[in-house]
Amino acid sequence: MSRLVVVSNRVPVPEKGGIAPAGGLAVALKAALEERGGIWMGWSGNSSGAQEPEKLKEIQQGNITYALTDLTDTDVEEYYHGFANRVLWPICHYRLDLAEYGRKEMAGYFRVNRFFAHRLAPLIKPDDVIWVHDYHLIPLAAELRQMGLKNKIGFFLHIPWPPADVLFTMPVHEEIMRGLSHYDLVGFQTDHDLENFAGCLRREGIGDELGDGRFSSHGRTFKGGAYSIGIETAAFAEFARKSATHSMVRKARESIEGRSLIIGVDRLDYSKGLTQRIDAFEHFILTNPAQQGRVTYLQITPKSRSEVPEYEAMQRTVAEQAGRVNGALGSVDWVPIRYINRSVGRPILAGLYRLGKAGLVTPLRDGMNLVAKEYVAAQDPEDPGVLVLSRFAGAARQLKGALLVNPYDIEGTANALARALSMPLEERQERWKVMMDQLLEFDVSRWCRDFLTDLAP
Ligand code: GDG
């Protein structure tokens with residue numbers, strides 16, 4: 001079996017003596033790397049200031065080499081905060097209003113991809129299989145090809161791929177499309193993303209669908225496919241069962257005092273629909289006065305990308321909104337929304353999911369959304385909670401037992417919440433089982449295997 005080389009913006013180097021379990025993606029890729037031997041390369045997260053970064057820092061663990069590079073301040077600003085997070089992220093999430101395109105940032109993005117290629121190429125052996133992850137690194141294969149690499153190179157996009165009219169608002173869309181044609185396999189989260197990609201090729205007349213998942217574009221032939229990322233379902237379910245006795249989870253259970261818990265967990269990001277969700281919760285309470293004092297909505301929202309102005313502003317907006325709703329609806333012995341603006345440990349998170357009678361996952365747009373899957377896996381099969389899920393999350397293509405909502409429809413989401421909290425046990429169990437069976441079959445190892453088999457059979 002060929003060696004595997006994974007490249008991603010950040011690399012989850014296991015901490016020595018670390019006990020906290022890593023997320024499913026890191027576990028699955030690490031397992032694939034352990035089986036085949038290989039390299040995981042990416043940015044260290046550190047800056048080298050104004051100096052050109054020193055050579056790669058290599059950390060050997062078993063038969064995996066973690067290869068990390070620093071980036072200069074300018075690189076971090078232009079490549080990461082700039083083009084990746086202020087252009088590609090909003091555009092792929094259909095937020096044209098938030099995209100701030102600049103030539104300097106675009107140039108920085110391509111420059112850092114070339115830099116990654118130059119650092120990576122000397123480590124590559126002729127029959128290595130290379131798997132590149134996410135929107136930060138779209139041009140990487142083109143740069144590696146430029147250096148003469150003929151290896152199989154696959155790309156997986158973790159976020160949505162937008163329709164042509166949205167993508168083409170980005171001035172360098174042609175370069176981005178050309179970049180993808182240098183891969184042997186381009187993987188998306190859902191069939192909708194794949195369709196959008198095919199539509200972009202057709203609309204510009206820059207590519208053809210050859211059938212059988214094959215495309216031709218820019219003089220190259222490559223495969224495209226939908227590979228919905230999963231979680232480590234069985235392990236997470238077991239973990240949540242054990243976490244129910246965790247002291248913090250016990251304290252949380254005691255503190256809700258017999259009230260029903262509604263849970264939301266999202267990185268602080270405008271794609272996650274937090275303000276609409278709080279509006280929907282408020283509407284739910286106002287239209288169901290009997291629920292006053294009987295439910296607690298816990299929203300866990302670790303900060304992310306605070307350097308990007310929209311994120312900083314959002315942090316204030318969401319906190320103020322939660323405060324306003326609590327002020328208007330709460331009473332001396334009831335706080336309707338508990339808003340936590342930092343990360344909680346994974347064992348606690350799993351236990352809290354299990355406590356939740358409803359999981360409220362209502363992004364305005366999401367590639368997949370692993371929180372929805374974790375919430376389902378964490379449930380007690382005897383008494384499962386109900387998933388209220390945005391139809392615009394990739395996960396909605398798979399989780400048919402959820403109550404699907406349009407997150408822009410505040411009243412509709414409020415009604416779904418009311419339905420979730422009053423759903424009879426039998427229906428909850430049926431809905432949960434449909435989803436759990438699907439999550440057990442299509443877990444993250446399956447995702448990893450399917451992609452790698454299609455890339456290099
Ligand atoms: C991107 C795509 C796609 C969250 N808060 C805490 C915490 N988390 C963990 C969750 C989950 C992960 O972060 C979030 O994953 P999502 O999939 O929900 O969202 P993104 O971060 O936007 O991920 C997304 C994903 O890539 C994979 O392809 O599904 O569509 O946008 O695992 O549990 N973990 C801990 N404490 C927290 O407070 N420990």
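User: How is a polar contact to the ligand read, and which atom of arginine 267 lies 2.9 Å from an oxygen atom of the ligand?

Analyst: A polar contact is a pair of N or O atoms within 3.5 Å; within protein, one must be able to donate a hydrogen and the other to accept it, and residues adjacent in sequence count only if both atoms are side-chain atoms. In this structure, a polar side-chain atom of arginine 267 lies 2.9 Å from an oxygen atom of the ligand. Histidine 158 also places a polar side-chain atom 2.7 Å from a ligand oxygen atom, whereas asparagine 369 has a backbone N or O atom 2.9 Å from an oxygen atom of the ligand. This is a predicted model, in which local features need pLDDT of at least 70 and side-chain atom pairs count only at pLDDT 80 or more, while totals for chains, interfaces and linings use all residues. Residues are numbered from 1 along each chain as its sequence is written, and side-chain values use heavy atoms, with hydrogens and water left out.

User: How much of the ligand's accessible area does the protein cover?

Analyst: Accessible areas come from the Shrake-Rupley method with a 1.4 Å probe, and for residues only the protein chains shown count as cover. On its own the ligand has 730 Å² of accessible area, and the protein covers 83% of this.

User: Which residues and elements make up the shell around the ligand?

Analyst: A residue is near a molecule or strand if one of its heavy atoms lies within 4 Å of it. There are 22 residues around the ligand, and those that come nearest are His158, Val344, Asp366, Leu370 and Glu374. Helices (H or I, at least four residues) and strands (E, at least two) are DSSP runs, numbered from the N terminus. Helix H12 (346-355) and helix H13 (370-377) are the elements that give two or more residues to this shell. For classes, Ala, Val, Leu, Ile, Met, Phe, Trp, Tyr, Cys and Pro count as nonpolar, Asp, Glu, Lys and Arg as charged, and the others, Gly among them, as polar; the shell has eleven nonpolar, six polar and five charged residues.

User: Where does the ligand lie with respect to the domains?

Analyst: Domain bounds come from an automatic or database domain assignment. Domain 1 (4-230 + 444-455) and domain 2 (233-441) both give residues to the shell, so the ligand lies between them.

User: What lines the second largest pocket, and what is its volume?

Analyst: On a 1 Å grid over the protein atoms alone, a cavity is a set of points where a 1.4 Å probe fits but cannot get out, and a pocket is an open set with protein on both sides within 12 Å along at least five of seven lines; lining residues have an atom within 4 Å of a point. Grid points are joined across faces, edges and corners, and a volume is the space filled by probe spheres set on the points. The second largest pocket has a volume of about 280 Å³, and of its 16 lining residues, His192, Arg365, Arg391, Phe392 and Arg397 lie nearest its centre. Helix H7 (residues 191-204) gives the most to this lining, with three residues. Domain 1 and domain 2 both give residues to the lining, so this pocket too lies between them.

User: How many cavities of 30 Å³ or more does the structure hold?

Analyst: The structure holds two such cavities. The largest has a volume of about 40 Å³, and H9 gives the most to its lining, with four residues.
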